[in-house]
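Colleague: I should like to learn how to read the features of a protein model. May we go through them in turn?

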Amino acid sequence: MTDLTLPSYYLPPVSYFRQLAHSETATIEVCEHYVKQTLRNRCWIDSPAGPLSLSIPIEKTLGKTAMRDICISDHGNWRHQHWNALVSSYGQSPFFEFYADEFAPFYERKWTFLVDFNEDLLQMLCRELDLPTRFNRTTSYVGETTDSQFDETPRPYYQMFAHRHGFLPDLSVVDLLFNMGNESILYL
């Protein structure tokens, strides 16, 4: 088992959780500068039309801002849109109904800071995946993390829309969870 330092991501990809599955503790880097158009406020899910990006709007900032200071914007009714996207993409998946009640509050309640939202969601996902990982936060800048640090060659698993557009690697872990349920841990 190793200790990891990971970025704060919204519904992280499967590869992120594959690393978490092999660690007892993880430190979330909250002192790095927020980087636009990354997985910090964006995720990728499967949909009938192919990969779909969901992005959390953030409040405008001046200059470089630490992740811990990034505020979520209520612009565009994003919570409703994200929940509807999850329901329309995964509502017929084998395990969506089993997990829906755990996810729904994240799209009903408001969080001020992106890192708080991401961490609460991450902890819920770890509970549902039966990962005993404990989380800490950085207190000073550790180093930039990049989205590509999680790239890997995945093993395919069941995806609802694979018959339309083939297997889509490294989507958000919700794709694995809603399609594989409690067997997700075996994949990780």
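Modeller: The discussion below moves from a strand to the core, a helix, the aromatic rings and two single residues. Please keep in mind that this is a predicted model.

Colleague: Let us begin with strand 3. Which of its side chains are buried, and which are not?

Modeller: The general idea comes first. In a regular strand, side chains alternate between the two faces of the sheet. Strand 3, residues 42-45, is a case in point: Cys43 and Ile45 are buried and point to one face, while Arg42 and Trp44 point to the other face and are not buried.

Colleague: How many bridges join strand 3 to strand 4, and how do the two strands run?

Modeller: There are four bridges between strand 3 and strand 4 (residues 52-55), and the strands run antiparallel. Individual positions can then be matched across the pair. Trp44 has Ser53 as its bridge partner in strand 4, and Cys43 stands opposite Leu54.

Colleague: What should I look for in the hairpin of strand 3 and strand 4?

Modeller: Consider the backbone angles between the strands. Six residues lie there, and Gly50 takes a positive phi near 115°.

Colleague: Next, the nonpolar core. Which residues touch the most other members of the largest one?

Modeller: A core is read by asking who belongs to it and who has the most neighbours within it. The largest nonpolar core here has 55 residues, and those that touch the most other members are Tyr10, Phe17, Leu20, Phe103 and Leu125. Elements giving two or more residues to this core include strand 1 (2-7), helix 1 (14-20), strand 2 (23-29) and strand 3. Helix 4 (114-128) provides the largest share, eight residues.

Colleague: Which residues does Phe17 touch, apart from those up to four places away in sequence?

Modeller: On that count, Phe17 touches Pro12, Leu122, Leu125, Cys126, Leu129, Leu131, Val173 and Leu188.

Colleague: Cys126 appears in that list. Is Cys126 buried or exposed?

Modeller: Cys126 has a relative accessibility of 2% and therefore counts as buried. This residue belongs to helix 4. Beyond its neighbours within four places in sequence, Cys126 contacts Phe17, Leu20, Leu131 and Phe135.

Colleague: How is a helix to be read? Which residues of helix 3 are buried?

Modeller: One asks where the buried residues lie around the axis. In helix 3, the buried residues include Phe96, Tyr99, Ala100 and Phe103. These residues are on the same side of helix 3 because they cover an arc of only 130° around the axis. The face turned away from the buried side carries Glu97, Phe98 and Asp101, which are exposed.

Colleague: What covers the buried residues of helix 3?

Modeller: The cover includes helix 2, helix 4 and helix 6.

Colleague: How many aromatic pairs does the structure hold, and how are they described?

Modeller: The structure holds 16 aromatic pairs. A pair is described by the distance between ring centres and the angle between ring planes. For Tyr16 and Phe17, the centres are 5.9 Å apart and the planes are at 55°, so the pair is tilted. Both Tyr16 and Phe17 are buried. For Phe103 and Phe178, the centres are 5.1 Å apart and the planes are at 65°, so this pair is edge-to-face. The latter pair links distant parts of the chain, with Phe103 in helix 3 and Phe178 in helix 6, 75 residues apart. Phe103 is buried, with a relative accessible area of 0%, and Phe178 also counts as buried at 0% relative accessibility.

Colleague: Which residues join Phe103 and Phe178 in one aromatic cluster?

Modeller: Among them are Tyr10, Trp78, Trp83, Tyr90, Phe96 and Trp111.

Colleague: Where does the charged end of Arg109 sit?

Modeller: The charged end of Arg109 sits over the ring of Trp111, 4.0 Å from its centre. Likewise, the charged end of Arg155 sits over the ring of Tyr187, 4.6 Å from its centre.

Colleague: Finally, where does Phe113 lie?

Modeller: Phe113 lies in the loop between helix 3 and helix 4. Its relative accessibility is 29%, so Phe113 counts as partly exposed. Separation in sequence and in space should be read together: Phe113 and Met67 are 46 residues apart in sequence and 8.8 Å apart in space, C-alpha to C-alpha. Leaving aside neighbours within four places in sequence, the contacts of Phe113 are Arg68, Asp69, Ile70, Cys71 and Ile72.

Technical notes
Residues numbered from 1 in each chain as written. Predicted model: local features only at pLDDT ≥ 70, side-chain atom pairs only at ≥ 80, totals over all residues. Heavy atoms only, no water. Buried < 20%, exposed > 50% of the residue type's maximum accessible area, 1.4 Å probe, protein only. Pairing = 2+ DSSP bridges. Core = buried A, V, L, I, M, F, W, Y, C linked by side-chain atoms within 4.5 Å. Contact = heavy atoms within 4.5 Å. Arc of directions from axis to C-beta. Phe/Tyr/Trp six-rings, centres within 6.5 Å; stacked < 30°, edge-to-face > 60°. Lys NZ or Arg CZ within 6 Å of the ring centre and 35° of its normal.
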